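Here is a brief report on two helices and a surface patch. Look at the model first, then read on.

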Amino acid sequence: MCLTSMPDSGFFVITGVGEAIMATLMAPFVRDVLHADALAYGAISAAQAIGGLAGGAVVALLGHRISPWPAVAWGAFTFGLLDLMLFLYPLFTPLLWPAFALMVLVGLPGALMAASGMTIIQTAAGPEHRGRVFGTFLAFEAIAMPAGTLAAGTLGELGIVPVIAAQGAGYCLAGLVLAVAGHKIKNTAGVRREPSFTPAVTRHS
């Protein structure tokens, strides 16, 4: 499997842009959309951390039962769906507590996505190439994130919600692309059986 081709590198580009958009617009989202203060922003960030810890614990207990490709694909899709719910629910209700609940819930698919993604890279690349593969993916993400920051800063003036919602939509798209790619790889002759994965440290939500 060529790890530096689509959809692998595309996943890092799409999610890198999304992460940068969220990092840029999350504080304005809390202030201008949720109409909350700095204390609420800090509490939402803490809820995210709690969700990541809980998700990591669950994946550590159950991750060995799940195949990596479906795990990263549906983890990314669910992650994006929960983020979309987070960014869009204020259009229907002014309540603040759903933001805390959704930030906790997103920890599980986030941990699942991170652990299974690292497993795919580690098992598909030989020891002599593994460092270069990781470096290549991180380079794709590093290139994508400034683009996301620039887009968020430019387009955010037009409306915070539609721009920040692109982060969740991007993860959903990336998850679906990986699901299709994983299915094709599974059905390709000569591909070795995927191992179960050892959980790794989760990335943001």
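Helices here are DSSP runs of at least four residues, numbered from the N terminus. The model is a predicted one.

**The nonpolar patch**

Start at the surface. Val58, Leu61, Leu62 and Leu108 make up a nonpolar patch there. Together they offer about 340 Å² of accessible area. Helix α2 gives the most to this patch, with three residues.

**Two leucines of α2**

Helix α2 spans residues 38-62. Leu53 is found in this helix, and so is Leu62. Buried means under 20% relative accessible area, exposed means over 50%, and partly exposed lies in between. The two leucines therefore classify as follows.

| Residue | Relative accessible area | Class |
|---|---|---|
| Leu53 | 66% | exposed |
| Leu62 | 40% | partly exposed |

Leu53 also gives a distance to a residue farther along the chain. Its C-alpha atom is separated by 9.3 Å from that of Val104. Along the chain, Leu53 and Val104 are 51 residues apart.

**The two faces of α4**

Helix α4 covers residues 97-105. Which residues of α4 are buried? They are Pro98, Ala99, Leu102 and Met103. These four sit on the same side of α4, because they cover an arc of only 130° around the axis. What does the face turned away from the buried side carry? That face of α4 holds the exposed residues Trp97 and Leu105.

Technical notes. Residues numbered from 1 in each chain as written. Predicted model: local features only at pLDDT ≥ 70, side-chain atom pairs only at ≥ 80, totals over all residues. Heavy atoms only, no water. Buried < 20%, exposed > 50% of the residue type's maximum accessible area, 1.4 Å probe, protein only. Arc of directions from axis to C-beta. Patch = residues over 30% accessible without salt bridge, like charges linked within 9 Å, V, L, I, M, F, W, Y side chains within 5 Å. Areas by Shrake-Rupley, 256 points an atom, 1.4 Å probe, with all protein chains shown as cover. Salt bridge = Lys/Arg side-chain N within 4 Å of Asp/Glu carboxyl O.
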